[in-house]
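Please look over the structure below before reading the briefing. The points that follow are grouped by topic.

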Amino acid sequence: MSFYVTTPIYYVNAQPHLGHAYTTIACDVLARHMRQRGEDVFFLTGTDEHGEPVADAAHALGIEPKELADRNAERFKALMPRLDVSNDFFIRTSDPEHEARVQQVLQRVHDNGHVYKGLYEGWYCPRCADFKVENEILEGNLCPIHEIELVREKEENWFFRLSTFQGPLEQLYAERPDFVMPRRHFNEASAFIAQGLQDVSLSRARLKWGVTVPWDPSHVFYVWFDALLNYYTALGYARPGEDLTDRYWPATYHVIGKDILKFHTVFWPAMLMAADIQVPDHVFVHGFLLGSDGRKMSKSLGNVLDPFEVIDELGTDALRFYLMRDVAFGSDGGVGMDAVRARYEAELANEYGNLASRTLAMILRYRDGNVPATATDSELTAEFDGLPEHVASLLDRAEPTQALEAIWQRVRRCNRYVEERAPWVLARDGGSAPQLDQTLASLAAGVRSLSVLLHPYMPASTARLLDALGEPEFAYSHASFPASVNEGRVSPLEPLFPKRGQ
Ligand code: MSP
């Protein structure tokens with residue numbers, strides 16, 4: 001089966017920050033997990049480069065928008081390896097191939113009779129690059145997202161007849177209760193549609209930095225339509241000489257933050273319908289990471305968590321683990337450096353890291369590095385029963401936090417098992433050799449199963465550990481806890497998550 005997952009594409013006029021890292025890592029966990037299951041995966045990320053904010057920023061620097069976009073897109077590209085993200089392609093909306101495909105699709109929307117020319121007048125937020133409807137506007141005429149003053153704009157635009165998609169969208173929502181996940185965001189999108197949809201502006205006349213409207217070259221497309229189409233256009237040229245559209249479209253998951261819900265759950269499916277293209281399977285909406293004080297992160301409040309500081313101090317896997325663990329994916333939650341350090345010590349160093357080191361150390365010490373070939377302990381087998389299937393079903397529903405919790409309960413169970421069986425006591429008594437063999441074999445099996453399941457979250461550390469266990473196999477089938485263990489050899493391993501200050 002094919003699995004196509006996308007991140008939002010990132011505005012090039014900002015520095016890469018935690019919010020970008022968060023969505024991208026979540027998508028990477030899903031993509032890596034699906035690859036483990038042998039699915040045909042395509043994982044897309046990239047940059048959103050057109051529109052007024054980029055043109056304005058370039059102007060202020062005295063350079064062309066393309067030059068600014070080239071410079072800043074590099075920073076987002078460079079972010080991916082630092083996060084250990086396994087995207088299959090990186091799209092830039094200034095790619096000529098993307099631009100040509102945007103024109104083709106929107107020409108079809110035009111030819112299908114879904115656009116007309118009209119006068120637009122409304123309250124506009126330059127940061128969102130979006131007009132606001134009356135009931136969204138905050139007191140003082142402020143943008144509900146950026147809390148900056150809106151400007152009155154009037155211009156002749158091409159309009160998209162969103163209103164004619166009221167019925168088809170209502171039908172989509174009635175037939176597909178999992179089109180938008182989690183449920184509260186499905187309800188939010190349905191409520192927005194139920195209010196009654198107004199037509200939306202599709203082009204800009206004043207702006208030059210965008211994709212030219214093919215039937216009216218004095219206009220460029222409104223940046224949001226150009227941007228949304230990246231999910232579709234990328235498949236046409238990501239592999240030179242090959243069109244992947246039939247293979248991967250419709251997308252399985254668009255993962256987005258809740259601030260861009262309306263575009264993805266209302267405008268986007270309507271636009272696809274207007275172009276006779278299938279709508280995606282699911283839009284998954286995650287919450288916002290807040291400062292440790294529960295307030296919006298802001299430099300002036302000093303409550304910003306910098307992903308690069310975490311990576312430099314504790315490593316990429318620690319950042320990935322923390323972001324998927326500390327805030328339930330889909331909800332809002334506070335994050336901070338103290339909390340990262342606390343989880344690192346308590347869970348990565350003292351639980352998973354310690355389980356790994358003691359398992360390897362005991363096999364090396366008591367059995368000279370040979371994993372005993374014997375039956376595993378039925379008590380531990382029962383604890384792992386159904387775990388891989390449970391994790392898979394949670395990740396099918398884009399629930400990485402719950403899946404991680406299910407795995408972590410078994411990390412803790414294995415550590416308790418070490419205490420209960422006290423291999424150091426068994427080792428003192430020659431008569432207990434069979435029990436010691438069983439204990440060590442069961443621990444090796446448990447650590448292997450856990451590491452395979454944790455691999456999408458912490459690719460580098462789990463790879464090191466599986467390697468030291470002599471089992472560098474990452475396929476999902478290796479996640480099941482076996483009834484017996486084959487002979488094998490382990491090798492020594494430096495601590496996966498060294499205690500800080502050591
Ligand atoms: N360019 C648009 C998306 C176009 S997709 C066709 C955009 N870009 S963005 O760079 O501003 O934001 C990208 C994503 O980062 C959004 O999903 C947004 O919700 C997410 N985040 C930005 N700050 C965030 C937090 N503090 N917490 C979690 N995610 C947040 O929007």
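**Salt bridges, domains and selected residues**

E379 is partly exposed, with 43% of its relative accessible area. The model described here is predicted. E379 is one half of a salt bridge with R413, in which the closest N and O atoms are 2.9 Å apart. The structure as a whole holds 32 salt bridges, and the protein is divided into domain 1 (2-286) and domain 2 (337-489).

**Salt bridges around R413**

- E379 sits in helix α14 (residues 378-384) and R413 in helix α16 (residues 400-421), so their salt bridge ties together parts that are 34 residues apart in sequence.
- R413 counts as buried, at 6% relative accessibility, whereas its partner E379 is partly exposed.
- R413 also forms a salt bridge with E420, and here the closest N and O atoms are 3.4 Å apart.
- E420 counts as partly exposed, with a relative accessibility of 48%.

**The salt bridge between D332 and K258**

- What distance separates the closest N and O atoms in the salt bridge of D332 with K258? They are 2.8 Å apart.
- D332 belongs to the loop between α12 (316-326) and β15 (333-334), and K258 to the loop between β12 (253-257) and α10 (261-274), so this pair ties together parts that are 74 residues apart in sequence.
- D332 is partly exposed, its relative accessible area being 38%.
- K258 is partly exposed as well, at 33% relative accessible area.
- In general terms, side chains of opposite charge can pair when their charged atoms come close.

**A network of salt bridges**

- Which residues are linked in a network of salt bridges? The network consists of R325, D326, R343, E347, E351, E405 and R412.

**Where the two domains meet**

- The C-alpha centres of domain 1 and domain 2 lie 42 Å apart.
- Eleven residues of domain 1 are in contact with 16 residues of domain 2.
- About 1,300 Å² is buried between domain 1 and domain 2, and 65% of this area is on carbon and sulfur atoms.
- How many salt bridges are found across the interface of domain 1 and domain 2? The rule finds one.
- R37 forms a salt bridge with D396, with 3.1 Å between the closest N and O atoms.
- Six residue pairs are counted in polar contact between domain 1 and domain 2.
- On the side of domain 1 that touches domain 2, helix α1 (residues 18-36) gives the most, with six residues.
- Sorted by class, that side of domain 1 has six nonpolar, two polar and three charged residues.

**H286 and its surroundings**

- H286 is part of strand β13, which covers residues 282-286.
- Is H286 buried or exposed? H286 has a relative accessibility of 5% and so counts as buried, the limit for buried being under 20% relative accessible area.
- A polar contact of 3.1 Å joins the side chain of H286 to the side chain of T23.
- Leaving aside residues up to four places away in sequence, H286 touches Y22, T23, V255, I256, G257, K258, F329 and G330.
- K258, one of the residues that H286 touches, is also the salt-bridge partner of D332.

**R82 and its surroundings**

- R82 is found in helix α3, made up of residues 65-82.
- R82 counts as partly exposed, at 35% relative accessibility.
- With residues up to four places away in sequence not counted, R82 touches F308, I311, D312 and T316.
- R82 and A21 are 61 residues apart along the chain, and their C-alpha atoms are separated by 9.9 Å.

**G302 in its loop**

- Where is G302 placed? G302 lies in the loop between β14 (289-290) and α11 (307-314).
- G302 has a relative accessible area of 63% and is therefore exposed, since exposed means over 50%.
- G302 and G291 are eleven residues apart along the chain, with 8.6 Å between their C-alpha atoms.

Key. Residues are numbered from 1 along each chain as its sequence is written. This is a predicted model: local features need pLDDT of at least 70, side-chain atom pairs count only at pLDDT 80 or more; totals for chains, interfaces and linings use all residues. Side-chain values use heavy atoms; hydrogens and water are left out. Domain bounds come from an automatic or database domain assignment. Contact means heavy atoms within 4.5 Å. Buried area is the accessible area (1.4 Å probe) that two parts lose on being put together, summed over both. A salt bridge is a side-chain nitrogen of Lys or Arg within 4 Å of a carboxyl oxygen of Asp or Glu. A polar contact is a pair of N or O atoms within 3.5 Å; within protein, one must be able to donate a hydrogen and the other to accept it, and residues adjacent in sequence count only if both atoms are side-chain atoms. Helices (H or I, at least four residues) and strands (E, at least two) are DSSP runs, numbered from the N terminus. Ala, Val, Leu, Ile, Met, Phe, Trp, Tyr, Cys and Pro count as nonpolar, Asp, Glu, Lys and Arg as charged, and the others, Gly among them, as polar. Buried means under 20% relative accessible area, exposed over 50%, partly exposed in between (1.4 Å probe, protein chains only).
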